[in-house]
Amino acid sequence: MAVSTRGDVDPAFWTGKRVFLTGHTGFKGSWLSLWLQQLGAQVTGFALAPPTSPALFEVARVADGMTSHIGDIRDAVALEEALRAADPEIVIHMAAQPLVRASYDDPVGTYATNVMGTVHLLDAVRRAPAVRAVCVVTTDKCYENREWAWGYREDEAMGGHDPYSNSKGCAELVTSAYRRSFFTGDGCAAIASGRAGNVIGGGDWATDRLIPDILRAVAAGEPVLIRNPLATRPWQHVLEPLSGYLVLCQQLWHDPAAAAEAWNFGPRDEDARPVQWIVERMCALWGAGADWTRDPSVQPHEANYLKLDISKARAGLGWQPHWTLSAALESIVAWHRAWLAGDDMRRYCTRELERFAGASLADAA
């Protein structure tokens with residue numbers, strides 16, 4: 001029986017495609033760069049230097065298979081020069097200040113990057129005639145969070161309590177305004193946005209993020225400090241939303257009128273779990289000596305309950321998550337242990353991508 005590629009990443013589509021990716025040095029951007037390279041795309045990246053040390057971009061030698069520009073999306077001229085030189089057919093915009101707590105420390109920089117960076121990118125695309133598809137990546141936190149027990153749909157109001165979440169809501173509004181104002185005629189690029197849940201995976205060393213905080217603590221033999229053990233999030237392995245962005249770009253190329261909208265990419269309902277469930281599972285996977293305790297210090301506001309409704313992506317793109325949350329956590333612990341053991345992490349990531357693609361095809365068969 002033939003397997004339909006609808007809802008799956010299609011290697012034949014990506015072979016030879018010219019792709020411009022902002023944020024390629026970050027955690028998600030590094031994984032997506034590796035995936036695009038594996039698919040045979042011609043990848044050009046534009047981003048700040050890697051934000052952490054160590055960083056997946058360096059550990060997995062991501063730059064080896066692409067053209068990498070180190071620059072700031074707040075610099076509209078440098079961004080447009082890099083875009084023009086790449087002459088891309090597909091643009092994926094992931095560059096961002098991605099952390100809630102960091103946005104409290106630097107709200108101006110957060111808005112400048114997440115809002116005006118999106119303006120700079122979309123305005124440059126207006127003068128890039130070869131571009132046919134653009135995916136602007138935002139977040140599940142772009143919604144006005146009412147602490148509902150059900151998932152947010154794409155037509156819910158934008159909002160955001162903190163500067164990070166609010167700036168991503170603003171980026172969604174910018175994307176919608178540019179789409180309706182400048183990308184409506186024949187021959188225009190098709191513009192969509194992708195909203196992902198709480199992304200986890202091997203190679204994330206960010207500060208103030210749950211999985212990296214857990215791994216740092218357990219590897220050092222220290223208890224994990226947890227701010228809000230009852231906070232519930234739509235956790236998903238990093239390859240899940242990345243597959244959604246790639247499938248969305250394919251659909252933008254083939255059926256722009258139907259795909260040029262906002263799309264949620266989240267886990268199954270049962271994988272929206274509280275922080276305590278995650279940390280207890282991670283400690284059990286790590287083994288002896290791993291433990292956690294609640295952080296008693298005063299913390300800035302963060303939402304307690306957040307979940308995405310992914311019915312639109314299921315129905316409109318044929319996309320669905322493939323790995324359970326338990327499987328994702330197992331893969332993260334295995335990845336981190338491999339890195340600690342000195343494995344070739346570019347090769348390891350390639351095998352991880354192959355394993356994920358195999359799970360995707362098995363689900364579709």
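Q: Is Gln-250 buried or exposed, and what relative accessibility does that call rest on?
A: This is a predicted model. The general idea is a cut-off: buried means under 20% relative accessible area. Gln-250 has 9% relative accessibility, so it counts as buried.

Q: Where does Gln-250 sit in the secondary structure?
A: Gln-250 belongs to helix H9. That helix covers residues 239-254.

Q: Which residues does Gln-250 contact, leaving aside its neighbours within four places in sequence?
A: Gln-250 is in contact with Asp-8, Val-9, Asp-10, Phe-13 and Trp-14, once neighbours within four places are set aside. Thr-67 makes a distance check: its C-alpha lies 22 Å from that of Gln-250, and 183 residues separate the two along the chain.

Q: What does Trp-14 touch, not counting residues up to four places away in sequence?
A: Beyond those sequence neighbours, the list for Trp-14 includes Leu-246, Cys-249 and Gln-250. Val-9, Val-19, Leu-36, Leu-39, Gly-40, Ala-41 and Ile-90 are also among the residues it touches.

Q: Which residues touch the most other members of the largest nonpolar core?
A: Start with the general idea. In soluble globular proteins, nonpolar side chains tend to be buried together. Here the largest nonpolar core has 57 residues, and Trp-14, Trp-31 and Ile-92 touch the most other members. Helix H9 gives the most to this core, with nine residues. There is also a second, separate core of 24 residues; Ala-95, Phe-183, Ala-189 and Ile-191 are among them.

Q: How should I read a buried serine, and what does Ser-167 contact outside its neighbours within four places in sequence?
A: Read the area before the residue type. Ser-167 has a relative accessible area of 0%, so it is buried. It lies in helix H7, residues 163-182. Leaving close sequence neighbours aside, Ser-167 is in contact with Thr-110, Tyr-111, Asn-114 and Val-115.

Q: Where does Ala-96 lie?
A: Ala-96 is in the loop between strand E4 (90-93) and helix H5 (100-105). Partly exposed falls between the buried limit of 20% and the exposed limit of 50%. Ala-96 counts as partly exposed because its relative accessibility is 28%. Setting aside neighbours within four places, Ala-96 is in contact with Thr-113, Asn-114 and Lys-168.

Q: Which peptide bond is cis, with omega near 5 degrees?
A: Look at the bond from Ser-53 to Pro-54. Pro-54 lies in the loop between strand E2 (42-47) and helix H3 (56-59).

Q: What is the phi of Asp-87, and what is that of Asp-208?
A: Check the sign, then the residue type. Asp-87 is not a glycine, yet its phi is positive, about 45 degrees. It is found in the loop between helix H4 (76-86) and E4. Asp-208 is not a glycine either, and has a positive phi of about 55 degrees. Its loop runs between strand E7 (198-200) and helix H8 (210-219). Asp-87 counts as partly exposed, at 36% relative accessibility. Asp-208 is also partly exposed, with a relative accessible area of 36%.

Q: Why does the radius of gyration agree with a compact globule?
A: Compare the value with the one expected for the chain length. A compact globule of 365 residues would have a radius of gyration near 21 Å; this protein has 19 Å, which agrees. The C-alpha trace spans about 60 × 45 × 40 Å along its principal axes. Buried residues make up 55% of the 365. The secondary structure comes to 14 helices and 12 strands.

Technical notes. Residues numbered from 1 in each chain as written. Predicted model: local features only at pLDDT ≥ 70, side-chain atom pairs only at ≥ 80, totals over all residues. Heavy atoms only, no water. Helix = DSSP H or I, 4+ residues; strand = E, 2+ residues; numbered from the N terminus. Rg over C-alpha atoms; globule rule 2.2 N^0.38 Å. Buried < 20%, exposed > 50% of the residue type's maximum accessible area, 1.4 Å probe, protein only. Core = buried A, V, L, I, M, F, W, Y, C linked by side-chain atoms within 4.5 Å. Contact = heavy atoms within 4.5 Å.
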